[in-house]
Amino acid sequence: MHGSPHIVSDVMTHTVAAIGSGAAFKEIVRMMHDWKVSALPVLEGEGRVVGVVSEADLLAKEEFRDSDPDRYTQLARLADLAKAGAVTAGELMTSPAVTVRADATLAEAARTMAHARVKRLPVVDELGMLEGVVSRGDLLKVFLRGDDEIAEEVRREVVSYLFPASASAVRLTVREGVVRLGGHVRDTSLVPVAARLIRAVEGVVDVEFDLTGHSGGSAGTPSGHEESVVPPS
């Protein structure tokens with residue numbers, strides 16, 4: 001296999017807004033509004049990321065602005081009440097920040113976002129210095145790949161290895177990111193392996209098969225963008 005997955009540096013935003021830990025509440029709100037973002041990295045020193053302040057951190061001040069929480073609420077939401085009284089980024093931020101390295105794969109970044117339940121990740125170097133930001137939308141850019149490009153990678157990186165011309169006659173089609181393999185193969189036990197490898201190709205939405213062994217009947221002809229990987233004999 002010769003293909004390499006896209007990494008965070010391929011899709012991240014390099015020019016980003018960030019604030020110092022001493023930034024005031026209204027300054028944070030203004031910067032989020034001006035940059036049209038929902039969270040900002042908080043920096044110390046020459047650019048080391050020490051936390052992230054998000055809209056959720058700021059909303060506590062509005063939620064408790066005109067309320068007098070009872071003792072149960074005070075005990076259950078101590079952290080939120082503390083943020084309601086906060087006035088600087090250092091007091092408001094979530095720390096330590098959940099970050100990602102620029103050389104992480106998009107799958108690794110997606111898992112980090114999912115586990116941390118965040119929409120954006122600061123991208124840092126080995127010293128924790130800010131290099132950029134990657135968002136959910138950035139990670140979805142791989143699904144903008146065209147069907148022709150996906151078909152070529154699947155043919156080159158998967159089909160030619162698992163179903164060589166001397167043993168198989170396979171048709172490959174891709175339509176709206178859905179890959180379908182049809183035709184005859186010598187070893188159908190390789191189909192689950194092919195499914196796993198094809199799903200790992202960036203931009204693939206799903207995988208379907210209409211394959212039979214040489215002893216089986218003829219396979220149906222897939223629809224959509226079709227590429228003849230190995231012409232049937």
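**Close-up views of helix 9 and its packing partner**

**View 1. Span and bend of helix 9 in the predicted model.** Helix 9, which covers residues 147-162 and so numbers 16 residues, reaches 21 Å from its first C-alpha to its last, close to the 22 Å expected at 1.5 Å a residue. Along this stretch the helix bends by about 40 degrees, and the bend is located at arginine 155.

**View 2. Buried residues of helix 9.** The buried positions in helix 9 are Ile150, Ala151, Glu153, Val154, Glu157, Val158, Val159 and Leu162, a list in which the two glutamates, Glu153 and Glu157, appear alongside residues such as Val154 and Leu162.

**View 3. Packing of helix 9 against helix 10.** Helix 10, formed by residues 191-199, packs with helix 9 at an angle of about 165 degrees, and the axes of the two helices lie 10 Å apart. Because angles over 145 degrees count as roughly antiparallel, helix 9 and helix 10 are described as roughly antiparallel to each other; their crossing is right-handed.

**View 4. Residues that meet between helix 9 and helix 10.** From helix 9, Val154, Val158 and Leu162 meet Val193, Ala194, Leu197 and Ile198 of helix 10. Val154, Val158 and Leu162 are also among the buried residues of helix 9.

**View 5. The protein chain as the setting for these helices.** The chain contains 10 helices and 10 strands, and 41% of its 233 residues count as buried. Among contacts in the protein chain with a separation of 6 or more, 61% are accounted for by residues 24 or more positions apart.

Technical notes
Residues numbered from 1 in each chain as written. Predicted model: local features only at pLDDT ≥ 70, side-chain atom pairs only at ≥ 80, totals over all residues. Heavy atoms only, no water. Helix = DSSP H or I, 4+ residues; strand = E, 2+ residues; numbered from the N terminus. Expected span 1.5 Å × (residues − 1). Bend = angle between axes of the 7 residues up to and from the residue. Buried < 20%, exposed > 50% of the residue type's maximum accessible area, 1.4 Å probe, protein only. Axes fitted to C-alpha atoms, helices over the stretch in contact; angles between N-to-C directions. Parallel < 35°, antiparallel > 145°, perpendicular 65-115°, else oblique. Left-handed = near helix turned anticlockwise from the far one by under 90°. Contact = heavy atoms within 4.5 Å.
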